Amino acid sequence: ERQGSATLLSLLKALPGEKASVDLQRAVFILDRLHRQQKPATDLLARTPAIGIDPAVSGPGRFAVTRREQSLAVEHRRHPLRTVALLPKGATPIGLVLISHGLWDAPINFEGWGRHLASHGYAVLLPEHPGSDRAQQAAMLSGAISPPAPEELGLRPLDISAVIDAVQGDRLGLGAIPAERAVVLGHSWGAITAMQLAGLRPSEGRLQRRCGNLDDPDNNVSWILQCSFLRSADSAAMADRRVRGVVAVSPPLRLLFDHGASRSMHARALVVGGANDWVVPFGPEALHPFQAVSEIRGHQLVLAGGGTHFNLRPGPGPNGAVLLGLMLTWVKQVFAAGEAARPADGAAPLLPASGWGDPDRPLIEATPVRGGGVSPSAQSFHRPAWRFTSSVAPLSRSPRWAMGMSSRERRRADSLPGSG
């Protein structure tokens with residue numbers, strides 16, 4: 001994880017103890033397959049200019065942030081949901097955003113996104129999914145309980161919908177928050193949750209056909225999680241039409257959703273993959289699902305250079321958090337678009353041509369264009385009429401991911417379209 005890529009030597013060094021028995025031929029096969037799965041990301045980054053940075057969206061907003069923790073009794077859980085609320089202090093929120101954490105994770109690791117959005121005027125709620133959170137992991141490792149039940153696939157979206165219900169009925173005592181429309185952000189399993197709420201229907205079809213093949217060229221670590229849903233996938237359609245847009249960071253998609261399933265989606269999706277993600281590799285889990293559909297319908301794909309499965313989480317605070325400008329831009333665009341945010345054949349993209357870049361790592365537009373290939377940059381898109389406007393400060397010419405480059409490499413980065 002720290003090195004950003006996996007090699008046989010790095011994996012052997014990471015093993016605990018002093019001795020290990022390794023099937024060398026199998027290990028080489030798995031690593032070679034992983035490198036092939038990551039190669040599309042490497043190739044895209046080599047030929048695609050990074051998106052420029054707008055400090056007005058990547059920097060903090062004008063509101064201080066209030067944090068509240070609450071418990072919410074829900075019908076589908078034995079115990080109340082613990083929920084964190086981040087609110088703009090002294091202001092009525094302009095929209096509702098919810099964040100779903102991944103497997104064995106917690107809301108605290110995503111408060112960086114929440115605090116950034118709250119500082120710009122949004123109400124952000126982060127429920128803890130009790131069947132797949134850190135407490136569940138601790139209990140499982142102690143031998144007290146089994147791994148997460150397959151039924152959690154359907155229960156997690158219900159957690160999010162229950163929180164939206166509670167906000168609409170002001171049962172959390174948060175005051176007036178417009179909740180008839182919402183945006184959901186998710187990471188890893190939380191990204192699956194977000195896509196389910198957007199109308200993507202899980203199915204056991206591909207799970208039945210491919211879970212038993214360890215030599216499948218697309219097989220990767222995320223298939224362990226996806227294949228655990230074999231007996232629950234067909235009953236886990238949990239769409240919520242109040243959700244108008246989602247961001248899915250490092251989402252396992254390849255097996256859980258059948259070809260053409262995106263036609264049922266009622267909300268736009270922004271999928272974000274990391275170039276060095278060995279848990280959910282960019283090629284099979286992000287790029288291939290986009291390439292397989294005949295019509296993109298306004299959904300978009302972003303690739304983060306140097307992004308791994310774990311460093312694309314923001315952490316507890318906005319300082320040093322990644323993807324802040326991208327998250328705020330997408331949320332603003334979804335709310336500004338209104339009904340036009342719904343997916344449709346020929347829909348214009350929601351992301352503008354520039355401004356949502358990241359100071360920590362290069363972000364590129366990776367949405368495939370029909371007819372083959374990948375969009376060379378967001379500049380090639382027609383600009384939607386609902387693009388939000390703001391007073392834009394000069395774009396940063398030396399983002400933090402450029403530090404450590406040679407002077408020649410930095411001059412090249414500064415000369416890229418949209419980065420200067």
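**Close-up views of a predicted model**

**View 1. What follows helix α7, and what surrounds it.** Right after α7 comes Gly199, with a positive phi near 110 degrees. The helix itself, residues 189-197 of this predicted model, is mostly covered: nine of its nine residues are buried. Want to pick them out? Look for Trp189, Gly190, Ala191, Ile192, Thr193, Ala194, Met195, Gln196 and Leu197. What do these buried residues pack against? Their partners are the helices α6 and α9 plus the strands β3 (96-100), β5 (182-187), β6 (243-249) and β7.

**View 2. Met195 and the largest nonpolar core.** Stay with Met195, one of the buried residues of α7. Leaving aside residues up to four places away in sequence, Met195 touches Leu200, Val246, Ala248, Leu253, Met265, Ala269 and Val271. Met195 also belongs to the largest nonpolar core, which has 61 residues. Which members of this core touch the most other members? They are Leu96, Leu98, Leu125, Met195 and Phe282. Helix α6, covering residues 152-168, gives the most to this core: seven residues. There is also a second core, separate from this one, with 39 residues. Tyr122, Leu126, Leu326 and Leu363 are among its members.

**View 3. Helix α2 crossing helix α10.** Here, α2 (residues 24-47) meets α10 (residues 282-291). How do you describe a pair like this? Two packed helices are described by the angle between their axes and the distance between the axes. For α2 and α10, the axes come within 7 Å and cross at roughly 65 degrees. On the α2 side, the contact is made by Gln37, Pro40, Ala41 and Leu44; on the α10 side, by Phe282, Gly283, Pro284 and Leu287. Sort the residues of this contact by type and you get six nonpolar, two polar and no charged.

**View 4. The covered side of helix α10.** How many of the ten residues of α10 are buried? Seven are, so to speak, tucked away from the surface: Phe282, Gly283, Pro284, Glu285, Ala286, Leu287 and Phe290. These buried residues pack against α2, α9, β7 (268-274) and β8 (300-304). Phe282 turns up again here, having already appeared in the largest nonpolar core.

**View 5. A disulfide at helix α9.** The structure holds one disulfide, and Cys211 and Cys227 form it, with their sulfur atoms 2.1 Å apart. The link is left-handed, with -100 degrees about the S-S bond. Why does the pair tie together separate parts of the chain? Cys211 sits in the loop between α8 (205-210) and α9 (222-227), while Cys227 is in helix α9, so the bond joins parts that are 16 residues apart in sequence.

**View 6. Glu75 on a loop.** Find the loop between β1 (65-72) and β2 (81-88), and you have found the place of Glu75. Is Glu75 buried or exposed? Glu75 is exposed, with a relative accessible area of 85%. Leu158 is 83 residues away from Glu75 in sequence, yet their C-alpha atoms are 9.6 Å apart in space.

**View 7. Stepping back to the whole protein.** The protein has twelve helices and nine strands, and 56% of its 420 residues count as buried. Among contacts with a separation of 6 or more, 81% link residues 24 or more positions apart. How confident is the prediction? The mean pLDDT is 86, and 83% of the residues reach 70 or more. Take care with residues 376-420, though: pLDDT stays under 50 there, and the model has 89 contacts beyond four places in sequence for this stretch.

Notes
Residues are numbered from 1 along each chain as its sequence is written. This is a predicted model: local features need pLDDT of at least 70, side-chain atom pairs count only at pLDDT 80 or more; totals for chains, interfaces and linings use all residues. Side-chain values use heavy atoms; hydrogens and water are left out. A nonpolar core is a set of buried Ala, Val, Leu, Ile, Met, Phe, Trp, Tyr and Cys residues joined through side-chain atoms within 4.5 Å. Buried means under 20% relative accessible area, exposed over 50%, partly exposed in between (1.4 Å probe, protein chains only). Helices (H or I, at least four residues) and strands (E, at least two) are DSSP runs, numbered from the N terminus. Contact means heavy atoms within 4.5 Å. pLDDT is the predictor's confidence in each residue, from 0 to 100. A disulfide is a pair of cysteine sulfur atoms within 2.5 Å. Axes are lines fitted to C-alpha atoms, for helices over the stretch in contact, and angles run from 0 to 180 degrees between N-to-C directions. Ala, Val, Leu, Ile, Met, Phe, Trp, Tyr, Cys and Pro count as nonpolar, Asp, Glu, Lys and Arg as charged, and the others, Gly among them, as polar.
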